[in-house]
Amino acid sequence: MTAVRSAARPAPPVRRGRGWLAWAPVLAVTIALLVFGSLRTRPPTTDAERVNAIALLIKCPECVSQSAGASDAEVSRQIRLDIAKRMSQGESEEQIQDYYRGRYGDEVLLTPSASGIGGVVWALPVVVLVCAMAGLVAAFRRWRRTADDGPRATSADEAIVSRALQPSPPDQK
Amino acid sequence: MNSAIGVAGIVLGLLGSICGIVVLAIGLRKGNAALIRSGRSYAGLVLAGAVLCVVAMQRALLTNDFTVSFVHDHSATTTPGVFKVATMWAALEGSILLWTLILASYTAIVAWRERTRTDDPLVGWALLVMLVVCAFFFLLLAGPANPFGTVAIPEGYDGPGPNPLLQNHVLMAFHPPVLYLGYVGFTVPFAYAIGALITGRVGEGWLAGTRRWTLFSWACLTAGIVMGAWWSYEVLGWGGYWAWDPVENASLLPWLTGTAYIHSVMVQERRGMLRVWNLSLLCATFSLTILGTFLTRSGVIESVHAFSESGIGPLILGFFTLIVVVSVGLIGWRGDRLRAPGRIDSPLSREGAFLANNVLFGAFAFVVLLGTVFPLIVEATNGERISVGVPYFNRMSTPIGLTLLFLMAVAPVLPWRKASGELLRHRLIVPAWIGAGTLAIAVLLGATGLSALLAFLLGGFAAGSAGRQLVLATRRQGWRGLVGRANGGMIVHLGVILIAVAIAASTAYGRQTELKLSPGQTAEFAGHTIVYRGTEQRLLSNRDVVEAIIEIDGDPYAPALSRFRFGSTIVGTPSVASTPRQDVAVTLLELPATADGVVSIRVFVQPLIMWLWIGGGIMVFGTAMAIVPGRRRNPLDAVSAPIHATGDTTGDTTGDTAVTDSDAPSIDKAEDSDAGDGDSAASGVPVEV
Amino acid sequence: MPQHSSTDSSSTDSSTADPATADPATADGADGADGAPTRDVGRQSARWSAVIVGVVLLLFIGVLATRKPADQKGISSPLVGKAVPALAGTTIDGKRFDIDDYRGRYVVVNFFATWCVPCTQEHPELVAFQQEHAAKGDAVVVSVAFNDTEENISAFFAKNGGDWPVIGGDTGPTILDFGVVKVPESYVVAPSRQVVAKFTGVTQAGLNEVLADIGKQVSGPR
């Protein structure tokens, strides 16, 4: 019969007006930590890791849905060696990607380009999300307009409710 | 012999389902209760057919009956016993067979559970829909996916064995069946949804009846996906667990819409709203399982896990079209008249949070689907070939995931109907401190990068919020504070948070390197000392294994390359050591040419990987807790909705509940008390059957 | 059946104002005939959403239905139609090879590996092609080995025949320059130094067909 004692404990009083004051320290701490954590320098990475970061953006031509960084296929290892060579020659990430696009086609880049038809895959989810949000806003507007149609609680109703909310006598069952 | 039994099973199942469909259709059309009632016995025939097929297949596999085409193509005498059983789902035809068996079992269970109300048109229609799906899968087995062809074999023939990657880890024996239990399980609520649309009875009764199916299927799907990720991590050796591969996405899609449904259905049970939307989500979930089947089995999309291509594609696509036309058509035809009255008072309320949840999960599913099929769409548009890969999915899912974490922190403390900002500030202050504390610990441990830091902050915030609800509930109800939907749901949230934090940490701080070492040579990487000792060869029944003996910080690792006897495929096996703090994984890239030559290995060091699997376990446990009936409410307790027919609380085998929603806003004030909201979601369904 | 009377239509919908749910029998037959007042009279958002979603999905199904299986898609290469990349190196018999020395002739650049089974299968076709054109002097074959040792390459050619320059050693950059995905692959270079075709698995007849096509295009417009 653990259920019974739960019936209705009075709600702890909500301290009015002081809500935001209590939040000031936690917000300050959080923002400070976020700024500090995201601005401080990252631990140094090795050349191999920088090479791999670029290889992860290039599709392994031989395999399916694996990047040249993740796959153990021979051609992927050649690509990693090649990227390392190009980086040591001072080529930028874009130059390296352009080279591979020229040799293997657009398909070799795992990130669809933001221009041209590839842009659709980036833009469409945003459009859909905005439409969904707009739909929700419109729905809430409509609900607010119809808010007055429903039955209203009278003071008699509220009296019934407050009576019902009194702690029930122990052991109903 | 086995072929004959198997074919007999297919014929039995196909005829059983077709006869059942015809009898039920006539019965429902004429309103003939006796006919409708007899419909359920056909479900038994269908189950018998499926069981017969599976028994024949397993018998053929275990006795190496190579005259059966499936065994001929995919098994070998040298395959170890447990993998012989698992060979059934290691290739296309057998996987359809497994699907059919699970589907037939579900159909039979529905027919049996509903035996007392089979003359109810809603149940009749649901059973009819399930039999149509059964008939389709038996049709696949009878046609393009027939595993029981007969083959003449030469003396002493031995088969090739299953795909080497699939006989490399024991998880393969469990991952597909569990995943299919989830996929197929969504057929049941879908069937009821179609039944509800046809009969026009979109009230909440059928929801309560299918609630456990949905939760059970969802738990299985969750477990199946997590197991798949685990298998990928332990077997494929690329250091990751999720590659956004089309097949993985195909399993994630129904999970996303299913998750959206599980949340939004609470609004319907509680408030009687969103009826048509919930039906749409169920239809979408089921359609996506069939679409996933098409994508993985038709060969239109390249994937690591895709089944070998076959003529099965057009049939599945046709079935998908049928489902889409029927679902969309029914919703369009009836949707406007079935819409429930009522309104959602405020965006800042439990209902509002569920709506936001649905928008986010819907957007997530849309992103995953779009990314998966976008190369096909581009190719159809202008013939160009492009790829949409990991960078796209990661970039798109990160903001959605972070927003969901934030929502997960705020939503549980929101009362129904309407909340004030003050109430929120009061209830969320402790969770916010927990989030800030988590962030502080992460920063102290050296965490950098905004998105990972946000994940830790919001993860802690959400965990604090879920923990708060659980603490309040257990303080009030003892151990019962851990069961029931709302409380079980909070446990699931904790599991999700663990997974989110583990994903954030392993993605942001995982490191890897390639090393070339000669015997005795030492290398340093990410604070670990790596020594290569030499190689060892082992001969197993179905493969030759060469292991490289590596020591990392004194612990032995043995990444291996296996050459399977058939087809000379070489498969790598990574060696992984897990600790709660971090995982170290080693894969062997290249064997040394000579005994004292140079070995080429890859080393992955990734934090918190273990928590992915633990989080998955907690999610499944939480769902189990949610299925356990929550506290039986004292009829005189204050709840927002008056309970009609309180006599029903003793339980009622029909699965009907007396859930109502009488728009009575003022009564809801009870909810705003802090103690009253812990199980308020569960109170919407006072009767748990 | 006592249970029947307590099913959802009676117990759950009694409080709603929606006529369609109140009586399933009439709702089934009377499409559009319910004039009872509901809150959302005249709004047909579900119908319109369904129409839009349905059209989008049918288009999507159309796309899926017209796709060929991934492994039956034609081979393509951005290199076709472009000038051939630089190809020079030391052959396994120690001579110098430079594709620029073969200006004015067709060059078939073949990428292979001794451990690759399809390479062994296509090899006789290349041998036949080379023998046919050695006499005419209008086309040559050059092979580039992929990740292979010189002993293996020599043994491969000794066993399978063929007598043309083979470039071994570190061919990685060459392989990426040509955009090789997986051996075997062959590129046909026209006398104009333009890459005109790419093959994965080559036949004598297929190569001759390309040569004839290009010959026609060159002589045609004149």
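**Entry 1. Helices H13 and H14 of chain B**

I began with helix H13 (residues 350-382) of chain B and helix H14 (residues 390-410) of chain B, which pack at an angle of about 165° with their axes 10 Å apart. I took axes as lines fitted to C-alpha atoms, for helices over the stretch in contact, with angles from 0 to 180 degrees between N-to-C directions. H13(B) is therefore roughly antiparallel to H14(B); angles under 35 degrees count as roughly parallel, over 145 as roughly antiparallel, 65 to 115 as roughly perpendicular and the rest as oblique. The model is predicted, so local features need pLDDT of at least 70 and side-chain atom pairs count only at pLDDT 80 or more, while totals for chains, interfaces and linings use all residues. Residues are numbered from 1 along each chain as its sequence is written, and chains are lettered from A and ligands numbered from 1 in the order in which they are written.

I noted that helices (H or I, at least four residues) and strands (E, at least two) are DSSP runs, numbered from the N terminus. The crossing of H13(B) and H14(B) is left-handed, a term for a near helix turned anticlockwise from the far one by less than a right angle, with right-handed for clockwise.

I then listed the contacts, defined by C-beta atoms, placed from the backbone, that lie within 7 Å. On the H13(B) side the residues include B:Ala353, B:Leu360, B:Phe364 and B:Gly371, and on the H14(B) side they include B:Tyr392, B:Met396, B:Ile400 and B:Leu407. By class, I found 13 nonpolar, four polar and no charged residues in this contact. Ala, Val, Leu, Ile, Met, Phe, Trp, Tyr, Cys and Pro count as nonpolar, Asp, Glu, Lys and Arg as charged, and the others, Gly among them, as polar.

**Entry 2. Helices H5 and H6 of chain B**

I looked up a second helix pair in chain B. The axes of helix H5 (residues 92-113) and helix H6 (residues 121-142) of chain B come within 10 Å and cross at roughly 160°. H5(B) and H6(B) are therefore roughly antiparallel to each other, and their crossing is left-handed. Among the residues that meet are B:Trp99, B:Leu103 and B:Val110 in H5(B), with B:Met130, B:Cys134 and B:Phe138 in H6(B). The contact of H5(B) with H6(B) divides into 17 nonpolar, two polar and no charged residues.

**Entry 3. The sheet of chain B**

I turned to an open sheet of four strands in chain B, ordered E1-E10-E9-E8, with antiparallel pairing. Two strands pair if DSSP finds at least two bridges between them. Strand E1 (511-517) and strand E8 (575-578) of chain B stand at the edges with a single partner strand each, so one side of each has no neighbour in the sheet. The twist averages 15° from one strand to the next.

Strand E9 (residues 582-590) and strand E10 (residues 599-607) of chain B pair in the antiparallel sense over eight bridges. In this pairing, B:Leu588 stands opposite B:Ile601 in E10(B). On the other pairing, four bridges join E8(B) to E9(B), which run antiparallel, and B:Val576 stands opposite B:Ala585 in E9(B). A hairpin through three residues joins E8(B) to E9(B).

I asked how many of the nine residues of E9(B) are buried. Seven are, so E9(B) is largely enclosed by the rest of the structure. A residue is buried if 20 or more other C-beta atoms lie within 10 Å of its own, exposed if 12 or fewer, and partly exposed in between, with C-beta atoms placed from the backbone.

**Entry 4. The sheet of chain C**

In chain C, I found an open sheet of five strands in the order E5-E4-E3-E6-E7, with mixed pairing. The edge strands are strand E5 (166-167) and strand E7 (195-199) of chain C, each pairing on one side only. Four bridges join strand E6 (residues 185-189) of chain C to E7(C), and the two run antiparallel. C:Ser186 stands opposite C:Phe199 in E7(C). Helix H6 (residues 117-136) of chain C packs on the sheet, touching strand E3 (106-112) and strand E4 (139-145) of chain C. The direction of H6(C) makes about 150° with that of E4(C).

**Entry 5. Chain A and its side facing chain C**

I closed with chain A, which has six helices and zero strands. Buried residues make up 23% of its 173 residues. Of the contacts in chain A with a separation of 6 or more, 47% are between residues 24 or more positions apart.

The contact with chain C takes 13 residues from chain A and twelve residues from chain C. Helix H3 (74-88) and helix H4 (93-104) of chain A each supply at least two residues of the side of chain A that touches chain C. H3(A) gives the most to that side, with six residues. By class, the side of chain A that touches chain C has five nonpolar, four polar and four charged residues.

Conventions:
Two residues are in contact if their C-beta atoms, placed from the backbone, lie within 7 Å.
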